[in-house]
Amino acid sequence: MPGMHRHRVEEDRVRRHGRLRTAVQLAAAVFFNGYAAGFVKGKIFTGGTKGFCVPVLNCYSCPGALGACPIGALQSLLGGGSRIPFYALGLLMLFGVVCGRLLCGFLCPFGFLQDLLHRIPVKKVQVPKRLDRPLRLVKYIVLVVLVVGLPLLATNTYGIGTPWFCKLLCPAGTLEGGIPLMVLNGSLRALAGTLFRWKVLVLLTVVIACLLIHRFFCRYLCPLGAIYSLFNRFALCRMKLDRTKCVSCGRCESACPMAVDVTRDINGPECIRCGKCAAVCPTDAISHDWPLHSHVESQKSKIHKQT
């Protein structure tokens, strides 16, 4: 009976965590795309907030988008002749240092979509480690080549580059911007050609992959995730593993949507700080670790030792 009670308590904790995280993800998606009139008029919002970057992958061309995508802004600044785009880089560094990939786990609308897709009951695919490890490098190649290299170097006669990631690959842009604008705006449908069909094909491929592999796009293709991963080990928001409580049951690694080796590399570049590992841990060995929380715990420990 005690074992059954403990099991029910653990299941309830997992459900509460799941509901809370889903609520946060939904609220973030609505907040970043809160211009409802855009979906009615079929036009892009051009108000003052569009000059500010949101911290996640969210297409500038989405009819409801209230802010700019940091990856789109970075490409535009590089391609527009701004050799050192201080604004975009500064914001990305700020977001990365404070949150790391927590932003991917809680606030990214396209990450939210991937989580929803993975809930669909189809047979899942476990990517072998010999393939998984090199495939995770692809997002860094996407960052270096499509986001930075080509917009900076492949310019026209006026010195203007093209945002190649947005143009050729970004499935979030197709889903959030391309398709809604095509549906709502007849004049744009008449202009749709080979490039738009290619982008739809990329989106369908990513969607199918996300049905089979949890967070496929985040793991292998997202350049914003690649940037934030560089800050993950020393970001202010971290995960904490108390090894004295860990019983090596493996539940954390089974629950991880990014297939992180939790007990060996809990603050590695792939962790999106979603907290699923902490929710399923039967001994409460895993927790989020914010600086203020760490300071409070440290002071408690000192007081306890003194007494």
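The largest pocket of this predicted model is lined by 29 residues, and those nearest its centre are Asp132, Arg136, Met258, Ala259 and Val260. The space inside the largest pocket comes to about 710 Å³. Two helices, α7 (129–135) and α15 (251–255), each contribute at least two residues to its lining. Sorted by class, that lining holds 14 nonpolar residues, 10 charged residues and 5 polar ones. Asp132, one of the residues nearest the centre, falls within the span given for α7.

Next comes the second largest pocket, with a volume of about 470 Å³. Its lining is made up of 22 residues, and Ser61, Cys166, Gly173, Gly178 and Lys199 lie nearest the centre. Three helices, α9 (164–169), α10 (171–184) and α12 (194–212), each supply at least two of the lining residues. Of the contributions to this lining, the largest share is that of α10, with 7 residues. The class breakdown for the second largest pocket is 13 nonpolar, 7 polar and 2 charged residues.

Two of the helices that line this second pocket, α10 and α12, also pack against each other. Their axes come within 9 Å and cross at roughly 125°. An angle of this size lies outside the 65 to 115 range for roughly perpendicular and is not over 145, the limit for roughly antiparallel, so α10 and α12 are oblique to each other. The crossing of α10 past α12 is left-handed. On the α10 side the contact involves Pro171, Thr174, Leu175, Gly178, Ile179 and Met182, while α12 brings Phe196, Lys199, Val200, Leu203 and Val206. Together the residues of this contact divide into 8 nonpolar, 2 polar and 1 charged. Gly178 and Lys199 thus appear in two settings: both belong to the contact between α10 and α12, and both are among the residues nearest the centre of the second largest pocket.

Helix α12 has a further partner in α6 (residues 109–118), and here the packing angle is about 55°, with the axes 7 Å apart. The pair α6 and α12 is therefore oblique as well, and α6 passes α12 in a right-handed crossing. Where the two helices touch, Phe110, Gln114, Leu117 and His118 of α6 meet Val206, Val207, Cys210, Leu211 and Leu212 of α12. This contact comprises 7 nonpolar and 2 polar residues, with no charged residue. Val206 of α12 takes part in the contact with α6 and also in the contact with α10.

A third helix pair is formed by α3 (residues 70–79) and α8 (residues 138–153), which pack at an angle of about 20° with their axes 8 Å apart. Angles under 35 degrees count as roughly parallel, and α3 and α8 are therefore roughly parallel to each other. Their crossing is right-handed. The residues that meet are Ile71, Leu74, Gln75, Leu78 and Gly79 from α3 and Leu146, Val147, Val148, Pro151 and Leu152 from α8. By class, the contact of α3 with α8 has 8 nonpolar residues, 2 polar residues and no charged ones.

Key: Residues numbered from 1 in each chain as written. Predicted model: local features only at pLDDT ≥ 70, side-chain atom pairs only at ≥ 80, totals over all residues. Heavy atoms only, no water. 1 Å grid on protein atoms, 1.4 Å probe; cavity = no way out; pocket = protein on both sides within 12 Å on 5 of 7 lines; lining within 4 Å. Points joined across faces, edges and corners; volume = space filled by probe spheres on them. Helix = DSSP H or I, 4+ residues; strand = E, 2+ residues; numbered from the N terminus. Nonpolar A, V, L, I, M, F, W, Y, C, P; charged D, E, K, R; others polar. Axes fitted to C-alpha atoms, helices over the stretch in contact; angles between N-to-C directions. Left-handed = near helix turned anticlockwise from the far one by under 90°. Contact = heavy atoms within 4.5 Å.
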